[in-house]
Amino acid sequence: MAHGSAREPEVTHGQPIPVIIDCDTGVDDALALLFAVRHPAIDLRAVTCVAGNTDVDGVVRNTLTVLEQAGAPEIPVARGAERPLIEPPRSARHVHGHDGMGDLGLPAPRRTPAGVDAVTLLRREILASPRPVTLVPTAPLTNIALLLRTHPEVTRNIERIVFMGGAAGAGNASPVAEFNVWHDPEAAAILLTAGVPITMYGLDVFTRVVVPGADVRRLRAAEEPGARLAGELLAHRPAAPGSRPDDPEEDAGGLGDAGAVCAVVDPEGLVTHRLPVEVSLAPGPTRGQTVVDRRARIGEAELHEGRREQPLVDVALDVDVERYVKLYLGAVEGTGAASRTG
Ligand code: BDR
Ligand code: CA
């Protein structure tokens, strides 16, 4: 199904893929963490936190709580940037709840974050990994931009960056800009020029991977806390447009950021095109837009003004929804060994 270049096998030499997630937990970031700690093809080496859906201290608290509920309390977690490089912080609590994670009344975490900041932990874990790391930002790109500018040598041990952000089509934070890029456009622009292979898991696929209501109800009734938490989080995700109270799909919930982690395990479930992508940094209505050049040939702009250097990115334009839902449920409900593809 897929074409483009994001075709690495999900398990290299029989070993799980070393992964680091940078997140703003966040209802769907929590879904992503649950999947990452439970899928056998992923070796989650660290999680770093950044301001986005809520303030960074709330993100740290939510992240630690999710890892404890998932039965993975030992994974190092670090606190990162409190605000974007230039913009003020602008939360998404109207989507993610007052606590940033659905106001589910979860217990406070028992442990505290690592004694180092996110950039330091990222550098340490990337360079210490025996095999190149796949970095998965599911949040504004502030930590990643700071990392790339402070320790550019990390790129030598990064296999690929698979980030949730941007859109080739419509935006959500603005008509054309997706929240993670809109929140810190300069940071996103730095990420795109990192000089490593990049997959953009943007809104074009992000909004499409929805878990059916019956599966969400089964998860919510699970005895195992991690699976039950996944059900509660999915139930908090916006219902499908047009659903009614008596609609059996009323409980359906989008995987959101978790789809980007599915794409690490199973890149064949995506259709990607390698395309020039640029972040609009101009003030005004296009700020934060990821301008994806899908033209078959150059136009008058290039003919009259010359070509500009633009990073090439593997942009996800289509996704096998059923495949990712099955992959997700298999891992989170503990039947994951069978869902290890390839
Ligand atoms: C992104 O914004 C956040 O609200 C979600 O967690 C996701 O990362 C979608 O635009
Ligand atoms: Ca997020």
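Y328 is buried in this predicted model, with a relative accessibility of 0%. Its ring is stacked with that of F35, and the two residues sit 293 apart along the chain. Below is a rundown of that pair, a second aromatic pair, a charge over a ring, some salt bridges and a calcium site.

**Aromatic pairs**

- Searching the whole structure turns up two aromatic pairs.
- In the stacked one, F35 and Y328 have 5.6 Å between ring centres and 20° between planes.
- F35 belongs to helix α1 (residues 27-38) and Y328 to helix α13 (residues 321-332), so this pair links distant parts of the chain.
- F35, like Y328, has a relative accessible area of 0%, so both count as buried, the cut-off being under 20%.
- The other pair is F179 with W182, and it counts as tilted because the planes meet at 35°, with the centres 6.1 Å apart.
- F179 and W182 are both in helix α6 (residues 179-183), where a spacing of three residues is about one turn of the helix.
- F179 is buried too, at 11% relative accessible area.

**A charge over a ring**

- What lies over the face of W182? It's R90, at 3.7 Å from the ring centre.
- R90 also has a salt bridge to E87, with 3.6 Å between the closest N and O atoms.
- The partners in that bridge fall into separate classes of exposure: R90 is partly exposed at 24%, while E87 is buried at 15%.

**Salt bridges**

- Side chains of opposite charge can pair when their charged atoms come close.
- The count for this model comes to 20 salt bridges.
- E186 and R287 form one of them, with 2.9 Å from N to O.
- That bridge links distant parts of the chain, 101 residues apart: E186 is in helix α7 (residues 185-192), and R287 is in the loop between β9 (270-279) and β10 (290-292).
- Both E186 and R287 are buried.
- E232 and R220 make another salt bridge, at 3.3 Å from N to O.
- Here the link runs between helix α10 (residues 225-236), which holds E232, and helix α9 (residues 213-220), which holds R220, with their positions 12 residues apart in sequence.
- E232 is partly exposed at 26%, and R220 is partly exposed at 35%.
- Which residues are joined into one network by salt bridges that share partners? They are E87, R90, E186 and R287, so the R90 that lies over W182 is part of this network as well.

**Calcium site**

- Which residues supply the protein donors of the calcium ion (ligand 2)? D24, D29, T138 and D257 do, at 2.3 to 2.6 Å from the ion.
- D29 appears twice in the donor list, each time through OD.
- D24 and D257 also donate through OD, whereas T138 uses O.
- Along the chain, the donors follow the spacing D-x4-D-x108-T-x118-D.
- D29 is in helix α1 and D257 is in the loop between β8 (253-254) and α11 (258-265), so the pair ties together parts that are 228 residues apart in sequence.
- D29 is buried at 0% relative accessible area, and D257 is buried at 3%.
- Helix α1 therefore turns up in two of these topics, holding D29 of the calcium site and F35 of the stacked pair.

Methods: Residues are numbered from 1 along each chain as its sequence is written. Chains are lettered from A and ligands numbered from 1 in the order in which they are written. This is a predicted model: local features need pLDDT of at least 70, side-chain atom pairs count only at pLDDT 80 or more; totals for chains, interfaces and linings use all residues. Side-chain values use heavy atoms; hydrogens and water are left out. A salt bridge is a side-chain nitrogen of Lys or Arg within 4 Å of a carboxyl oxygen of Asp or Glu. Buried means under 20% relative accessible area, exposed over 50%, partly exposed in between (1.4 Å probe, protein chains only). Helices (H or I, at least four residues) and strands (E, at least two) are DSSP runs, numbered from the N terminus. Rings of Phe, Tyr and Trp (its six-membered ring) pair if their centres lie within 6.5 Å; planes under 30 degrees apart count as stacked, over 60 as edge-to-face and the rest as tilted. A charge sits over a ring if NZ of Lys or CZ of Arg is within 6 Å of the ring centre and within 35 degrees of the ring normal. Donors are N, O and S atoms within 2.8 Å of the metal (3.2 Å for Na, K and Ca); water is not among the atoms, so sites may look incomplete.
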